[in-house]
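Me: I am new to this structure and would like to go through it slowly, asking at each step why a term applies. Could you set each value against its cut-off before drawing a conclusion?

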Amino acid sequence: MGQIELSGPTNFAPIINQTANRIRNLRNVYTILLIITDGAISDLPETKSAIVAASSFPLSIIIVGVGSADFSSMDVLDADDAPLTATDGSVMRRDIVQFVPFSKHQSSVELLASETLAEVPEQFTEWAELTGLTPPGFVAPPSVKSPPPRAGAPNGRPKDCTGCQQNFSMTHHRHHCAFCGKCYCANCVRWKAKITGRTSPPSGVSVCAVCVSAAVEVQKL
C-alpha cells in the first residue's frame with residue numbers, strides 16, 4: 001500500500017458493471033471483486049443499480065475502507081438491514097456486498113481476513129441455490145436448522161446479536177454459529193471448535209458459548 005496513491009472521485013459503478021459484464025456468462029467460476037477505497041462514494045445511485053444488476057451473477061464484492069473518511073454510505077451497500085433497490089425499481093436478488101473498515105482490524109491479520117471473507121460462503125451458497133448449480137461430486141453436509149426470523153428484521157436478518165443484544169452496524173457485523181446457525185457478533189462466536197461429522201479447517205470453526213458448552217458434537221479447541 002505504500003506505493004499506491006488513492007484519489008477521487010470514488011465511483012464504484014464502472015468497475016462493478018465491467019466485472020459483471022465479464023463474468024455474466026461464466027459457469028463453474030465464482031468471482032470476488034475487491035475494492036479498496038479511502039473516500040466516501042460519489043455515485044451511490046449508480047452503484048446501487050450496478051449491484052442490483054450483478055446480484056444474479058456469480059460475484060461477491062468486498063469493499064475495504066482505509067483512512068478516516070465517512071463510510072456511512074457503505075453500510076447501505078452492505079444491505080444487511082434492507083435490500084438494495086435500483087433506480088428502475090428492481091430489487092437485488094441476494095446480498096453480494098461486504099464492507100470492512102480497515103482501521104478497526106488492522107492490528108490483527110487473522111481478524112482482518114476473517115471479517116473480509118465472513119459473508120462470502122453464505123453469498124456463494126445463495127448463488128448456487130439461486131442457479132441450481134452444485135460442484136461435481138458435491139455432497140451436502142448435515143443440515144443445521146436455522147432459527148426463525150426475529151421480529152423487526154427485514155428479510156429475516158436479525159438486527160441485533162443473539163448473545164449480547166447489541167445492534168448490528170457497519171462496524172458490528174453479523175456472524176453465524178457454525179453449529180446452531182444463530183446470528184451473533186464476532187465477540188459472541190469467538191470460540192473455535194470442531195464439529196463431529198463435519199469437515200472443519202485445522203483452526204476450527206466459530207461457535208457460540210451455548211453450543212461450545214452444551215452440544216456434545218462440538219469439541220472445543
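Me: Which residues form one aromatic cluster in this predicted model?
Reply: The cluster consists of Y30, F124 and W127, and it can be followed through its pairs, which belong to a total of 4 aromatic pairs in the structure.

Me: Why is the pair of Y30 and F124 called edge-to-face?
Reply: The ring centres of Y30 and F124 are 5.2 Å apart and their planes stand at 85°. Because centres within 6.5 Å make a pair and planes over 60 degrees apart count as edge-to-face, Y30 and F124 meet both conditions. This pair also links distant parts of the chain, since Y30 sits in the loop between α1 (13-23) and β1 while F124 belongs to helix α6, 94 residues away.

Me: What makes the pair of F124 and W127 tilted?
Reply: Here the centres lie 5.9 Å apart and the angle between the planes is 40°; as this angle is neither under 30 degrees nor over 60, the pair is therefore counted as tilted. Both residues are in helix α6, 3 residues apart, which is about one turn of the helix. An α-helix has 3.6 residues a turn, so residues three or four places apart point the same way.

Me: How do you know whether W127 and F124 are buried, partly exposed or exposed?
Reply: W127 has 6% relative accessibility, and because buried means under 20%, W127 counts as buried. F124 has a relative accessible area of 32%, between the limits of 20% and 50%, and is therefore partly exposed.

Me: Where does helix α6 lie with respect to the strands?
Reply: Helix α6 (residues 120-131) lies across β1, β2 and β3, and runs at about 155° to β2. Helix α5 (residues 109-116) lies across β2 and β3, at about 155° to β3.

Me: What makes β1 and β3 the edge strands of the sheet?
Reply: The open sheet has 3 strands in the order β1-β2-β3, with parallel pairing, and β1 (31-37) and β3 (97-101) each pair on one side only. The twist from one strand to the next averages 20°.

Me: How do you know that β1 and β2 pair?
Reply: Two strands pair if there are at least two bridges between them, and β1 and strand β2 (residues 59-65) have 7 bridges in the parallel sense, so the condition is met. Within this pairing, I35 stands opposite I63 in β2.

Me: What covers the buried residues of helix α2?
Reply: In α2 (residues 44-54) the buried residues are T47, S49, A50, I51, V52 and A54, and what covers them includes α1, β2, α3 (72-78) and β3.

Me: Why is the count of disulfides 0?
Reply: A disulfide needs two cysteine sulfur atoms within 2.5 Å, and the count by this rule comes to 0. For C185, the nearest cysteine sulfur, that of C188, is 3.7 Å away, so C185 is in no disulfide. C211 is likewise in none, because the nearest cysteine sulfur, that of C208, is 3.6 Å away. With relative accessibility of 2% for C185 and 6% for C211, each counts as buried.

Me: Where is confidence lowest and where is it highest?
Reply: The mean pLDDT of the protein chain is 78, with 79% of its residues at 70 or more. Among the elements, strand β8 (residues 218-220) is lowest at a mean of 70, and α1 is highest at 94. Over residues 141-155 the pLDDT is below 50. Where pLDDT is low, the predicted coordinates should not be read in detail.

How values were computed. Residues are numbered from 1 along each chain as its sequence is written. This is a predicted model: local features need pLDDT of at least 70, side-chain atom pairs count only at pLDDT 80 or more; totals for chains, interfaces and linings use all residues. Side-chain values use heavy atoms; hydrogens and water are left out. Helices (H or I, at least four residues) and strands (E, at least two) are DSSP runs, numbered from the N terminus. Axes are lines fitted to C-alpha atoms, for helices over the stretch in contact, and angles run from 0 to 180 degrees between N-to-C directions. Contact means heavy atoms within 4.5 Å. Rings of Phe, Tyr and Trp (its six-membered ring) pair if their centres lie within 6.5 Å; planes under 30 degrees apart count as stacked, over 60 as edge-to-face and the rest as tilted. Buried means under 20% relative accessible area, exposed over 50%, partly exposed in between (1.4 Å probe, protein chains only). pLDDT is the predictor's confidence in each residue, from 0 to 100.
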